[in-house]
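Thank you all for coming. I would like to walk through one model this morning, going from a single side chain to the core, then the cysteines, and finally the pockets.

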Amino acid sequence: MNFEIVYEDDDILVVNKGHGLLVLPDRYDKDLPNLKDHLTEVYGRIFVIHRLDYGTSGLMVFAKNERSHRNLSIQFERSEVNKRYYAICKGGFPADLTCMLPISKVNYHGRYKINFKSGRKALTSFFVLDRFSDKTLIDVVPLTGRSHQIRVHLKALGYPLYYDFLYNEKREDKRLTLQAYYLRFKHPVKTTVMEFQTDISDFLKEILKIS
């Protein structure tokens, strides 16, 4: 199981999930390894607050009881949780910007898209960290929480994730060049600010060819 426990107490678990690990059981193959089932075996009942795609790595918070689940869910719904991502996109991302393109529901290909008629409001800020010959490392702040939001906005801007089997070239490897490296929220019981940050993943380092 490609993950590590970053923090735990009586109310919450914070986990650093690796690229290529399901958060929830697969719809078709229940035997595939997934984080929720493993954590349930170890800790008993676990509540999922938010998700990361199979191919995305990074920080997640889980609740250990209903009170914490309810409080954290409200924080996420009100966009009170601060999340930041490392993303490696294809090409030379031009400059820092905020994208405000609305996103529609998933289509039969499993993809979301920009839709000005029926799409839901979606805001994402992008900050250039470093440019390479054919790719750019960017710091991403999603200001809303739509499914595939970062991936769809990067695709719409013309700079899709460097590895993204849905919104870039098809690949057998379903890992994405996307990592949720920073997470900040209020503890659901103690109300203290909880802040976590992880180093750039080995997979992203490999793509950037840095040690």
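Let me begin with Gln-75, which sits in helix 2, the run covering residues 66-77. Please keep in mind throughout that this is a predicted model. Is Gln-75 buried or exposed? With a relative accessible area of 6%, Gln-75 is buried, because the cut-off for that class is under 20%. If we set aside the neighbours within four places in sequence, Gln-75 is in contact with Glu-80, Val-81, Phe-185 and Lys-186.

Turning to the nonpolar interior, the largest core comprises 26 residues, and those with the most contacts inside it are Leu-35, Leu-39, Phe-62, Phe-126, Ile-138 and Leu-154. Two or more residues come from each of several elements, namely strand 2 (12-17), helix 1 (35-43), strand 4 (57-63), strand 5 (82-90), strand 8 (135-142), helix 3 (149-157) and strand 9 (178-186). Strand 5 gives the most, with three residues. To take one member, Leu-39 touches, beyond its neighbours within four places in sequence, Phe-3, Ile-5, Leu-13, Val-15, Gly-44, Ile-46 and Phe-62. There is also a second, separate core of 14 residues, which includes Leu-59, Ala-63, Leu-183 and Phe-196.

Now to the cysteines. How many disulfides does the structure hold? The count is zero, and for Cys-89 the reason is distance, because its sulfur lies 13 Å from the closest cysteine sulfur, that of Cys-99, which is too far for a bond. Both side chains are nonetheless inside the protein by the accessibility criterion: Cys-89 counts as buried at 0% relative accessibility, and Cys-99 counts as buried at 4%.

Finally, the pockets. The largest one holds about 2000 Å³ of space, and of the 48 residues that line it, Arg-51, Leu-52, Asp-53, Ser-147 and His-148 are the closest to its centre. Helix 2, where we met Gln-75, is among the elements that give two or more residues to this lining, along with strand 5, strand 8 and helix 3. By class, the lining of the largest pocket divides into 21 nonpolar, 15 polar and twelve charged residues.

The second largest pocket holds about 250 Å³; it is lined by 16 residues, of which Asn-2, Gly-18, His-19, Ser-201 and Asp-202 are the closest to its centre. Strand 1 (3-8), strand 2 and helix 4 (202-208) each give two or more residues to that lining, whose members are three nonpolar, eight polar and five charged.

Key. Residues are numbered from 1 along each chain as its sequence is written. This is a predicted model: local features need pLDDT of at least 70, side-chain atom pairs count only at pLDDT 80 or more; totals for chains, interfaces and linings use all residues. Side-chain values use heavy atoms; hydrogens and water are left out. A nonpolar core is a set of buried Ala, Val, Leu, Ile, Met, Phe, Trp, Tyr and Cys residues joined through side-chain atoms within 4.5 Å. Buried means under 20% relative accessible area, exposed over 50%, partly exposed in between (1.4 Å probe, protein chains only). Helices (H or I, at least four residues) and strands (E, at least two) are DSSP runs, numbered from the N terminus. Contact means heavy atoms within 4.5 Å. A disulfide is a pair of cysteine sulfur atoms within 2.5 Å. On a 1 Å grid over the protein atoms alone, a cavity is a set of points where a 1.4 Å probe fits but cannot get out, and a pocket is an open set with protein on both sides within 12 Å along at least five of seven lines; lining residues have an atom within 4 Å of a point. Grid points are joined across faces, edges and corners, and a volume is the space filled by probe spheres set on the points. Ala, Val, Leu, Ile, Met, Phe, Trp, Tyr, Cys and Pro count as nonpolar, Asp, Glu, Lys and Arg as charged, and the others, Gly among them, as polar.
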